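Hi everyone, thanks for coming along. I have one structure to show you today, and I'd like to walk through it at an easy pace. Here it is.

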Amino acid sequence: EDQGPRIVRARVFVRKTSAHTSDRQYSVRVVCEVRGADIVAEQEGGDVLTALDFVTEKAERQLRKRKTDRLARREEAAAAKQA
């Protein structure tokens, strides 16, 4: 059974964008290296952990979408072979 794209490497970049407390004080960027185009998600937040939680959800959604699209293409190819 196909479990979707395998992540080769995940890089997490955390940057403090402002010295002053704000809801955009930190920026978190996650780059998941997978076969094909990399998955990149970015989020700003008032604290690192909240931004990290949101960026993780974004990356997971992108990975699920890629898996769904890949399975759909596989099914279309199988249907075309049978026709």
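I'll begin with the overall layout, then visit a few residues, and finish with the salt bridges.

One thing to keep in mind from the start is that this is a predicted model. So, what is it built from? The protein has three strands and one helix. Reading from the N terminus, the order is β-β-β-α, so if you trace the chain on your screen you meet the strands before the helix. Strand S1 covers residues 9–16, strand S2 covers residues 26–33, and strand S3 covers residues 39–45. Helix H1 then takes in residues 48–82.

Now the overall form. What box do the C-alpha atoms fill? Along the principal axes, the box is roughly 65 × 20 × 20 Å. The radius of gyration tells a related story: the protein has 17 Å, whereas a compact globule of 83 residues would have a value near 12 Å.

How much of the protein is buried? Of the 83 residues, 23% are buried. The exposed area comes to about 6,300 Å², and carbon and sulfur atoms supply 50% of it. As for contacts, take those with a separation of 6 or more: residues 24 or more positions apart account for 32% of them.

A word on charge as well. The protein carries 18 positive and 14 negative charges, and the mean positions of the two sets are 5 Å apart.

Let's visit some individual residues, beginning in the helix. Ala51 is located in helix H1. Is Ala51 buried or exposed? Its relative accessibility is 0%, so Ala51 counts as buried. Which residues does it meet? Setting aside neighbours within four places in sequence, Ala51 is in contact with Val28, Gln43, Glu44 and Gly45. If you want a feel for distance, find Ala77 too: Ala51 and Ala77 are 26 residues apart in sequence, and their C-alpha atoms are 39 Å apart in space.

Next, please look at Ser27, which is in strand S2. Ser27 has a relative accessible area of 4%, and so it is buried. Beyond the residues up to four places away in sequence, Ser27 touches Phe13, Val14, Arg15, Thr17, Glu42, Gln43 and Glu44.

Staying in strand S2, we come to Glu33. Here is something to think about: why does Glu33 count as buried? The cut-off for buried is under 20% relative accessible area, and Glu33 is at 16%, so it counts as buried. Leaving out residues up to four places away in sequence, Glu33 touches Arg6, Ile7, Val8, Arg9, Arg11 and Asp38.

That brings us to the salt bridges. How many are there? The count comes to five, and I'll pick out some of them.

Glu33 makes a salt bridge with Arg11, with N and O 3.1 Å apart. Glu33 lies in strand S2 and Arg11 in strand S1, so the pair ties together parts that are 22 residues apart in sequence. Unlike the buried Glu33, Arg11 is partly exposed, at 33% relative accessibility. There is a further partner here, too: Arg9, Arg11 and Glu33 are linked in a network of salt bridges.

Another salt bridge joins Glu42 and Arg29, where the closest N and O atoms are 3.8 Å apart. This pair links distant parts of the chain, with Glu42 in strand S3 and Arg29 in strand S2, 13 residues apart. Glu42 is partly exposed at 42% relative accessibility, and Arg29 is partly exposed with a relative accessible area of 34%.

Finally, go back to the helix for Lys65 and Asp69. Their salt bridge has its closest N and O atoms 3.0 Å apart. How does this pair sit in helix H1? The two are four residues apart there, which means they are separated by about one helical turn. Lys65 is exposed, with a relative accessible area of 52%, while Asp69 is partly exposed at 32%.

To pull it together, we have a β-β-β-α order, a buried Ala51 in contact with Val28 and others, and salt bridges including one that ties strand S2 to strand S1. Thanks for listening!

Technical notes
Residues are numbered from 1 along each chain as its sequence is written. This is a predicted model: local features need pLDDT of at least 70, side-chain atom pairs count only at pLDDT 80 or more; totals for chains, interfaces and linings use all residues. Side-chain values use heavy atoms; hydrogens and water are left out. The radius of gyration is taken over C-alpha atoms; the globule rule is 2.2 Å times the number of residues to the power 0.38. Buried means under 20% relative accessible area, exposed over 50%, partly exposed in between (1.4 Å probe, protein chains only). Contact means heavy atoms within 4.5 Å. Accessible areas come from the Shrake-Rupley method with a 1.4 Å probe; for residues, only the protein chains shown count as cover. Lys and Arg count as positive and Asp and Glu as negative; His and the chain ends are not counted. The place of a charge is taken as NZ of Lys, CZ of Arg, CG of Asp or CD of Glu. A salt bridge is a side-chain nitrogen of Lys or Arg within 4 Å of a carboxyl oxygen of Asp or Glu.
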